[in-house]
Amino acid sequence: MILKANNPEKYQYDKSEVVAHNGFRYRQYLTDVILQEIVQWIRESNCYEYGDLVDYAVSEKFDEWFPTVRSQTIFLTAYLRSNRHKPFKKIDRETGEILE
């Protein structure tokens, strides 16, 4: 599930207003959802460099992505580095099947 942070049809809670119950780790959940969006963008745009990701996050997704891009540097640089020399495979979003 990908959250749409600025959906004008829904009430926009301030992150400081959110209360988690029963051990739910809200901030970790948000980080994971944002990382999912970032990885999807990396795959779709064939981004291979952390600097290009940072530039995009700063110019296009500052409020949504930049804090995660900044705080998850090790994960993201490792992911980008591991994909640098292999072509991305297209994946069917509905079935998860790898397309040739």
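These legends walk you through a few close-up views of a predicted model.

**View 1. Confidence across the protein.** Let's start with how sure the predictor is: the protein averages a pLDDT of 79, and 69% of the residues score at least 70. Confidence is highest in helix α2, at 96, and lowest in strand β1 (residues 90–91), where the mean is 70.

**View 2. The two faces of helix α2.** Look along helix α2, which runs over residues 50–60, and find the buried residues Leu53, Val54 and Ala57. They sit on the same side of α2, because they cover an arc of only 100° around the axis. An α-helix has 3.6 residues a turn, so residues three or four places apart point the same way. On the face turned away from the buried side of α2, you will meet the exposed residues Asp55, Ser59 and Glu60.

**View 3. The largest nonpolar core.** This core has 16 residues, and those touching the most other members are Ile38, Ile42, Leu53, Trp65, Val69 and Leu76. Helices α1 (26–45), α2, α3 (62–71) and α4 (73–83) each supply at least two of its residues. Helix α1 gives the largest share, six residues. In soluble globular proteins, nonpolar side chains tend to be buried together.

**View 4. Around isoleucine 38.** Leaving aside residues up to four places away in sequence, Ile38 touches Leu53, Trp65, Thr68, Val69 and Leu76.

**View 5. Threonine 73 and tyrosine 50.** Threonine 73 lies in helix α4 and is partly exposed, with a relative accessible area of 28%. Its side chain and that of tyrosine 50 are joined by a polar contact of 3.1 Å. The two residues are 23 residues apart along the chain, and their C-alpha atoms are separated by 8.3 Å.

Terms used. Residues numbered from 1 in each chain as written. Predicted model: local features only at pLDDT ≥ 70, side-chain atom pairs only at ≥ 80, totals over all residues. Heavy atoms only, no water. Buried < 20%, exposed > 50% of the residue type's maximum accessible area, 1.4 Å probe, protein only. Helix = DSSP H or I, 4+ residues; strand = E, 2+ residues; numbered from the N terminus. Arc of directions from axis to C-beta. pLDDT = per-residue confidence, 0-100. Core = buried A, V, L, I, M, F, W, Y, C linked by side-chain atoms within 4.5 Å. Contact = heavy atoms within 4.5 Å. Polar contact = N/O pair within 3.5 Å; in protein donor to acceptor, adjacent residues only side chain to side chain.
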